[in-house]
Amino acid sequence: MKKTILICCLLLAATCGFSQPSWVKNASKSVFTLKTFSADGQLIASSNGFFTGTNGEGVSSFTPFKGASQAVIIDSQGKEWKVTGIIGVNDMYDVAKFRVENRKSPSLAVSQKMASEGSHVWVLPYRAKSAEAGSIMKSEAFLNDYAYYTVNFPASEKTPGCPLMNEAGEVIGMIQPSASDRDTLSYAVSALFADSLSIKGVMFNDPVLKQTQIKKELPADIKEANVALYLSASQMDSTEYVSLIQDFIRQFPNADDGYVHRASQEAASGDFAAAERDMDTAIKLAESKDEVHFTYARMIYNKEIYQSAQPYPNWSLDKALQEIQTAYQANPQPTYRQLEANILFAQQKYQEAYDDFIELTNSNLRSAEIFYAAARCKEMQKDTVAMLALLDSTMATFSKPYLKEAAPYLWARAEARRNAGKYRDAITDMNEYETLMSATINDNFYYIRHQTEIQGRLYQQALNDINRAIQMNPQEILYYAEKSSLEIRVGMYEQAIQTADECIKLDSNNSDGYLFKGLAQCLKGDKAEGIKNLTKAKDLGDTQADALIEKYK
């Protein structure tokens, strides 16, 4: 009888399953408390979490990180460790994966399978001597491989972020914060999902990530990390970006990319010696050495063009030319030839630069930019005929009606035509330019076109344009003087006098108003008043007035 009772008791113990599992003591070492702080050190929030990796990787809720500039965890021994970086986040499921400075963290084994409904589970609170037992009431799949669990024990303020364990001592979920302390159920998001979080390169500046100021870790994949570096260059301030580059170099010490990025920052700040060292290292490490030689050539070229006031004897246009020619010899890319042409132009080797640009017109780089660059070479060689022909080729790369991309080249050809005495052709280009850029046209445009129209003997158009310039900038004395001069030229003496009076009103010490008023009065027949105003202009220093006074006496 006693033997029967003993067997029954053993069977009962075996089937209940809710006695304290043997793994609780060791597993509890992986649970920690998380605390986050603002930039001024004020506590923002507290939660729990647990380690999922042996190199300081842990997971917890994302909400405490929002607005935080720093965070720490307190491990099961009561020791504090700094959170050094965010590895990944998901705002929808309120999960964050991060790293702490403790590089030998005791981690929980993450189950690779979804737990089934009805299975026994335990919640492991921070520094608890025992786990709270329950069972899964509902297991809902999301994103195919992960589950969201409903568990039949009441929510507690002590459990959010804590691990939900299966019978084998594996973590299957992370307890979610509850909407109410009186909730009779608890909820958990898949621990496998939380542990899988990472930051892709294109996500590095995602608005969700920007909700926390704690540093984000670069992706583990070098291609993704390079994308992150590229996108961050225009998003971060220089100090943050340099720190990110340093992280990249520590993470990928044998990749040339980090040294190239750092050299670019060093060159921009004027530390050319450091940039040279990093570029030398990058060339040694690079698999595609031509790309690094190209980048180096461009860096030196930009320094010589835009930072020439900061001499560095090791760098010169000759050095830039050597680097780009090395790149081209290794891999004859048209882009490399274009940079070579730009360097030759900067060296005033205009014929060699021209030859390169003309060669490029037969490559996949054929464009308005290339034809225009060739035209500039001919301009510097004083070959006006060839320059104008190349500017025509430049415009021929565009189709009518023109888009705004054509505007700079239209204006360049207009100026070249005007300088060559082809005034009406220049006006045609200026008219096209006005159509394209009407929203940004200023008074100076109308003044320049007005002058060109005078030279092309289009006097009515010139009057219209100088009036537009005055409407846009009514305080500019020059415009009134030019208008009065034009009105005199076309015999509008009364109007010229009125315009000259406007000029005098703006500045009574400016001689132009008196000069043109006096000249208009003399031409109209009122020589006595005219000579008075011409004399006033002479007294104010106008050198033309003397001859006019002598003429009309």
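Is isoleucine 466 buried or exposed, and what is its relative accessible area? In this predicted model, isoleucine 466 is buried, with a relative accessible area of 0%. A residue counts as buried when its relative accessible area is under 20%, so the value of 0% places isoleucine 466 in that class. The passage below starts from this residue and its helix, then moves to the loops and the two barrels.

Isoleucine 466 belongs to helix 17, which covers residues 459-472. The length of this helix can be checked with simple arithmetic. With 1.5 Å for each residue, its 14 residues should span 20 Å, and the C-alpha atoms at its ends are indeed 20 Å apart, so expectation and model agree. Isoleucine 466 has company, since Ala462, Leu463, Asp465, Ile466, Ala469 and Ile470 are buried in helix 17. These residues cover an arc of only 165° around the axis, which means that they lie on the same side of helix 17. A general rule helps to read this pattern: an α-helix has 3.6 residues a turn, so residues three or four places apart point the same way.

What do the buried residues of helix 17 pack against? Their partners are helix 16 (443-455) and helix 18 (477-489). Individual contacts fill in the picture. With residues up to four places away in sequence left out, isoleucine 466 touches Tyr447, His450, Tyr479, Glu482 and Lys483. Next to consider is aspartate 465, also found in helix 17. Aspartate 465 counts as buried because its relative accessibility is 1%, under the cut-off of 20%. Counted in the same way, without residues up to four places away, the contacts of aspartate 465 are Tyr446, Arg449, His450 and Glu453. His450 therefore appears in the list for isoleucine 466 and in the list for aspartate 465, both of which rest on heavy atoms within 4.5 Å.

Another buried residue with a charged name to look up is found in helix 14. Arginine 413 lies in this helix, which spans residues 407-419. The relative accessible area of arginine 413 is 9%, so this residue is buried. What joins the side chains of arginine 413 and aspartate 392? The link is a polar contact of 3.0 Å. Neighbours within four places in sequence aside, arginine 413 is in contact with Leu391, Asp392, Met395 and Asp429.The loops offer some backbone features to look for. Most residues other than glycine have a negative phi, and most peptide bonds are trans. Against that background, glutamine 348 has a positive phi of about 65° although it is not a glycine. Glutamine 348 sits in the loop between helix 10 (334-346) and helix 11 (350-360), and it is exposed, with a relative accessible area of 57%. Arginine 457, likewise not a glycine, has a positive phi of about 60°. The loop between helix 16 and helix 17 holds arginine 457, which is exposed at a relative accessible area of 62%. A cis peptide bond runs from lysine 400 to proline 401, with omega near -5°. Proline 401 is part of the loop between helix 13 (384-396) and helix 14.

The strands come next. Six of them form a closed barrel in the order 1-2-3-6-5-4, with antiparallel pairing. From one strand to the next, the twist averages 40°. Within this barrel, strand 5 (residues 80-90) and strand 6 (residues 95-100) run antiparallel and are joined by six bridges. Asparagine 90 has valine 95 of strand 6 as its bridge partner. How many Å separate the C-alpha atoms of valine 95 and isoleucine 466? The separation is 66 Å, and the two residues are 371 residues apart along the chain.

Six strands also close into a barrel in the order 7-8-9-12-11-10, where the pairing is antiparallel. Neighbouring strands of this sheet are turned by 40° against each other on average, direction ignored. Strand 10 (residues 163-165) pairs with strand 11 (residues 171-175) in the antiparallel sense over three bridges, and methionine 165 stands opposite valine 171 of strand 11. Strand 11 is in turn joined to strand 12 by three bridges, again antiparallel, with alanine 188 in strand 12 as the bridge partner of isoleucine 175. Strand 9 (residues 146-151) pairs with strand 12 over four bridges in the antiparallel sense, and here threonine 150 has tyrosine 187 as its partner. Strand 12 (residues 186-190) is largely enclosed by the rest of the structure, because four of its five residues are buried.

Conventions
Residues are numbered from 1 along each chain as its sequence is written. This is a predicted model: local features need pLDDT of at least 70, side-chain atom pairs count only at pLDDT 80 or more; totals for chains, interfaces and linings use all residues. Side-chain values use heavy atoms; hydrogens and water are left out. Two strands pair if DSSP finds at least two bridges between them. Helices (H or I, at least four residues) and strands (E, at least two) are DSSP runs, numbered from the N terminus. Axes are lines fitted to C-alpha atoms, for helices over the stretch in contact, and angles run from 0 to 180 degrees between N-to-C directions. The expected span of a helix is 1.5 Å times one less than its number of residues. Buried means under 20% relative accessible area, exposed over 50%, partly exposed in between (1.4 Å probe, protein chains only). The arc is that of the directions from the helix axis to the C-beta atoms. A polar contact is a pair of N or O atoms within 3.5 Å; within protein, one must be able to donate a hydrogen and the other to accept it, and residues adjacent in sequence count only if both atoms are side-chain atoms.
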